[in-house]
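Hello,

Here is the structure we spoke of handing over. My notes on charged side chains and cavities come after it.

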Amino acid sequence: MLESIKVTERLHWPEMEQSKKYLLSSTVPVEMEISKKYSSPTVPDKQPLSPTQVCLEKLSSSILKDLFTTGTSSYNVLLQGEEEERQSPKHSPYRRPKKTVRCASTSSRSHDNHRHPSVTPLLLLGQQGSGDTRDTRHPSHHHVFSSASGGFASRQKAAHSITVLGSTMGLSPRPVARPRKTCFSSSPRTKLPSLPRGGVMREGENAGIKKLCILTAIKPSNVEKEKVKFFKSDFSYNPQFEYSNPVSPLVLARHNNASDRFLTQAVRIMELALQKYGNYEKFEQATGGNLLTKCRIWYLVKKYMEKEGCIGEIVVNVTDDLLSRASMTVVNSRPTLTINIATAREHWLEGMLRHEIGTHYFRGINNAQQPWNSGVGRKKHNLRPLNPTEEGLASIHSVLFRKDPTLWRASLLYYTVYQASRMSFSQLFHSLGRFVQDPNTRWDYCVRAKRGQTNTAQPGCFSKDQVYLDGILKILRHREKIDFQLLISLGKVSYEDVDRLKGLAQMEPVRIPHFLQDTACYAEQLEKIMEVNQLTDEELGVLIRDMED
């Protein structure tokens, strides 16, 4: 092992192990060039640990070599996805990656798809700055963010290498020291939540594998091929979608019922935005800001997790292969947040995190300790469907605290689904030109509304996307009667069931997102959403019946 190391000066190994305690500071560059003598490698023992420092006890050079991931690693990469379940156990989980990442605040590439025995992270060795603005080239990465306040004693052994530049010279053998366990902090360890697969949190679908499979199955497998044909035809061709695991017609029929109940409100909300900004592209740039790189996304996600006190709990995956902007799922019993880099904008990212983590994740965690945390429990307590409450609440949190909380996306999704139920793909595409000019954006909305169909020349839709605006308006209608902290605390329940269930709930401990701590400020933001979107209680009262006593 030591024969491959190049150094600028001779290294003298002490007769006894001197590395009793080293502090790996976040301010030390990861790409290291040794230019000092190491004849007395001692470090003061009483230097306090920062949240990103790690204490290593009695580790040999081989273990230190293994602990360092690729030279520019800032966070841990967890090479874990749904496809890993099919990986043969004969393959070694410790295969050495072939390449490293050049981005100073991203993790190593996920080219190795072999299964790891655990998603528990090894270390967090990252800078606390604003994050590198350079991008990586791999389409997706898995991360878990951790800190010294919530460290992990990992069972995994990293298999990366470290190279020190300099001249080659022989080294005297170092006395072998048996590595002792790694100490990260004296603070209580953070434990990754292990959620049941039945508690899948994907865009607010009812808990259960069956629902998740529907969303996966209705994603066309030939999207890019059909997109090329559609664009070459001057937008007149109706795509013929193919599916790896087609859903039965009976199941699709249940999701092919579009409503026009809030169509007037959806159109008005979008027209108000167009009057103010001119077109959607200007609205997007003015309210969303610039697109973010993967490095910046990971930094902002970490900062948000610090606010919520959930560092080290969620695996993060950044990809460009996602129909939605983000989704919260459970993969191998671990909460996994997948973010679409193509739509991640600087002023919208925190709203997306409030949507996925502050709402879906926290309600999922709280739901796991309630007596209705299973299908049997929901039937026993006669719970209403969690939607439209789940997605309505999450969508409100997406625009909460924005300077302009226009409900554009929820309105456009509602409108698109309704039009898809009456039009072919090509007709729908041209219809959306009324609100969106960019053909790529229109294509994405059309695919979402037509997913599940094979021949898109026929009218038809996947109506799930109407649930966002539906839920928003119902919650806003009853905003003065709803206890929003209870709505989060009780888990995956409808706002209509809160009063009935609160006496049966397990309230210790529950997780409340930071933005809901100040209920007065929260209520003010709801009023602002009503005002900006020109919604009135009188109008909503006519459309939505009062809550039952």
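The notes below cover salt bridges first, then one unpaired acid, then cavities.

This is a predicted model, in which local features need pLDDT of at least 70 and side-chain atom pairs count only at pLDDT 80 or more, while totals for chains, interfaces and linings use all residues. Numbering runs from 1 along each chain as its sequence is written, and side-chain values use heavy atoms, with hydrogens and water left out.

Salt bridges

With a salt bridge taken as a side-chain nitrogen of Lys or Arg within 4 Å of a carboxyl oxygen of Asp or Glu, the count is 22. Helices and strands are DSSP runs numbered from the N terminus (helices H or I, at least four residues; strands E, at least two). Buried means under 20% relative accessible area, exposed over 50%, and partly exposed in between (1.4 Å probe, protein chains only).

- E539 and R268 form a salt bridge at 3.0 Å, N to O. The pair links distant parts of the chain, 271 residues apart: E539 is in helix α18 (residues 537-543) and R268 in helix α5 (residues 263-277). R268 counts as partly exposed, at 23% relative accessibility.
- K492 and E390 pair at 2.7 Å, N to O. K492 sits in the loop between α15 (484-489) and α16 (498-501) and E390 in helix α10 (residues 389-399), so the bridge ties together parts 102 residues apart in sequence. K492 is buried at 7% relative accessibility, and E390 is buried at 0%.
- R448 bridges to D465, with the closest N and O atoms 2.6 Å apart. Both residues are buried.
- R384, E496, D497 and R500 are linked in a network of salt bridges.

An acid without a partner

E391, in helix α10, is buried yet has no salt bridge; K464, the nearest side chain of opposite charge (Lys and Arg positive, Asp and Glu negative; His and the chain ends not counted), is 4.2 Å away.

Cavities

A cavity here is a set of points, on a 1 Å grid over the protein atoms alone, where a 1.4 Å probe fits but cannot get out; lining residues have an atom within 4 Å of a point. Grid points are joined across faces, edges and corners, and a volume is the space filled by probe spheres set on the points. There are three cavities of 30 Å³ or more, and the largest has a volume of about 480 Å³. It is lined by 31 residues, of which R325, H355, S398, R402 and R409 are the closest to its centre. Helix α8 (349-367) gives the most to this lining, with five residues.

Regards

Terms used
1 Å grid on protein atoms, 1.4 Å probe; cavity = no way out; pocket = protein on both sides within 12 Å on 5 of 7 lines; lining within 4 Å.
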